[in-house]
Amino acid sequence: MKLPCLVAALCLGVGVMGGKYSRELNEPKASGSDGQTVEFRIAKLNQVWEKAKRMQLSPVRQAELHSDLKIQEKDELQWKKIKVEGLDENGEKEAQLRRNFNVILAKYGMDGKRDARSLETNSLKDHETKEGDIFDDPRLDKLWNKAKSSGKFSSEELLNLKREIQHHKDKIHEYNILTDTVSRTEEIHKNVISPLEGDAKEHMLQQKHTELKEKMRDLNHGFERLRKISHEGFTEDSEFQEPRVIELWEAAKRANLSTDELDSLKEELHHFETKVEKHSHYQEQLELSHQKLRHVETLGDKDHIKRNQEKYNTLAEKTREMGYKMKKHMQDLSNKISRQGLQHNEL
């Protein structure tokens, strides 16, 4: 089956993956029909991974894709279990998994489309590019240039702000991908003949639009926070430095949690931030290792090449493993914040 066909057909694999990080990562690799060891237990994920290895992805981006596919594998195998137990009768979880898979394909340029979505941010496409513009978005560039010229930020604070703005830009890109995915689903929905199936898909589309509204609301909150920082500088009581951790903390503060719950979550987020920082360090080392390997290959010493290739492979595997653990932990924290906030709103 060719990759574009995978977008239309969600072929779910068999087997169930456990809930603990170590158990998930230490289980033996699956085998394909030819007896060869494969990276994932679901055929379509292996096809994506094999295609990715033939693409010119950077080592860090390839490791990120591997982590995303690992999360997708975990979620699909868990879905397989709940489906057997009859817990997804309306197919909402299955539809979400299909959408998540389509988003992965689009995110890494594997959906067969030329990606113009990165240009479809809050920017005007014909805006003039000025010296110092680095985000290809006039609103974000304006914040960045204002902060740089304000004199309110140290070099370290400017670096942190730059990372936060880049993270916000990435979130806009993900939102545009999701919007495109929902639009394509609606086109398919128009061609549905069965009224029963149509009603079910209408319900799912409403859910997707609700998700889009929530993501847009989060984007607006994120931009307002960046605007305030660029005008006023960082406050002395800033709890976190990592953009993904800040995003979770800001969501928690909006979730109507009790003081005790916020304190408990704050402590957990500090542990998570350490994990994120460690993963970032490994990503930097992976990039350096790749550059060294390319240099050594030009020298032609086979033993030297072999040693550096082994070091690079080990580092790539470790970076992918840490990336999966970090994304799994972030997924758990996000779900926890959503659940606690929902419980308080229902009281």
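The protein chain exposes about 20,300 Å² of surface, and carbon and sulfur atoms supply 49% of that area. What you see above is a predicted model. How much of the chain is buried? Of the 347 residues in the protein chain, 39% are buried.

Next, the elements. The chain has eleven helices and two strands. Read from the N terminus, the order is two helices, then the two strands, then helices to the end. As for contacts, take those in the chain with a separation of 6 or more: 72% of them join residues 24 or more positions apart.

Now please find helix H4, residues 59-84. I will go through its packing with two other helices, H3 and H5.

Start with H3, which covers residues 43-54. The axes of H3 and H4 come within 11 Å of each other and cross at roughly 175 degrees. How do the two helices run relative to each other, parallel or antiparallel? Angles over 145 degrees count as roughly antiparallel, so H3 and H4 are roughly antiparallel to each other. On the H3 side, the residues that meet H4 are Lys44, Leu45, Val48, Trp49, Ala52 and Lys53. On the H4 side they are Gln62, Leu65, His66, Leu69, Gln72, Glu73 and Glu76. Sorted by type, the residues of this contact between H3 and H4 are six nonpolar, three polar and four charged.

Then H5, residues 92-107. H4 and H5 pack with their axes 11 Å apart, at an angle of about 170 degrees. That angle makes H4 roughly antiparallel to H5. The crossing of these two helices is left-handed. From H4, the contact uses Arg61, Leu65, Asp68, Leu69, Gln72, Asp75, Glu76, Trp79 and Ile82. From H5, it uses Lys93, Glu94, Leu97, Asn100, Phe101, Ile104 and Lys107. Here the residues divide into seven nonpolar, two polar and seven charged.

If you compare the lists, some H4 residues come up twice. Leu65 of H4, for one, is in the contact with H3 and also in the contact with H5.

Moving on to the loops. Which residue between H5 and H6 has a positive phi without being a glycine? Asp136 sits in that loop, and its phi is near 55 degrees. With a relative accessible area of 52%, Asp136 is exposed, because the cut-off for exposed is over 50%.

Asn256 is another non-glycine residue with a positive phi, in this case about 60 degrees. Asn256 lies in the loop between helix H9, 243-253, and helix H10, 259-299. Its relative accessibility is 47%, so Asn256 counts as partly exposed.

Last, two pairs that are separated along the sequence. Arg139 is in helix H6, residues 138-150. At 33% relative accessibility, Arg139 is partly exposed. How far is Arg139 from Arg227 in space? The two are 88 residues apart in sequence, and their C-alpha atoms are 9.4 Å apart.

The other pair starts from Asn220, which belongs to helix H8, residues 195-232. Asn220 is partly exposed too, at 42% relative accessibility. Its partner is His168, 52 residues away along the chain, with 10.0 Å between the two C-alpha atoms.

Conventions. Residues are numbered from 1 along each chain as its sequence is written. This is a predicted model: local features need pLDDT of at least 70, side-chain atom pairs count only at pLDDT 80 or more; totals for chains, interfaces and linings use all residues. Side-chain values use heavy atoms; hydrogens and water are left out. Axes are lines fitted to C-alpha atoms, for helices over the stretch in contact, and angles run from 0 to 180 degrees between N-to-C directions. Helices (H or I, at least four residues) and strands (E, at least two) are DSSP runs, numbered from the N terminus. Angles under 35 degrees count as roughly parallel, over 145 as roughly antiparallel, 65 to 115 as roughly perpendicular and the rest as oblique. A crossing is left-handed if the near helix is turned anticlockwise from the far one by less than a right angle, and right-handed if clockwise. Contact means heavy atoms within 4.5 Å. Ala, Val, Leu, Ile, Met, Phe, Trp, Tyr, Cys and Pro count as nonpolar, Asp, Glu, Lys and Arg as charged, and the others, Gly among them, as polar. Buried means under 20% relative accessible area, exposed over 50%, partly exposed in between (1.4 Å probe, protein chains only). Accessible areas come from the Shrake-Rupley method with a 1.4 Å probe; for residues, only the protein chains shown count as cover.
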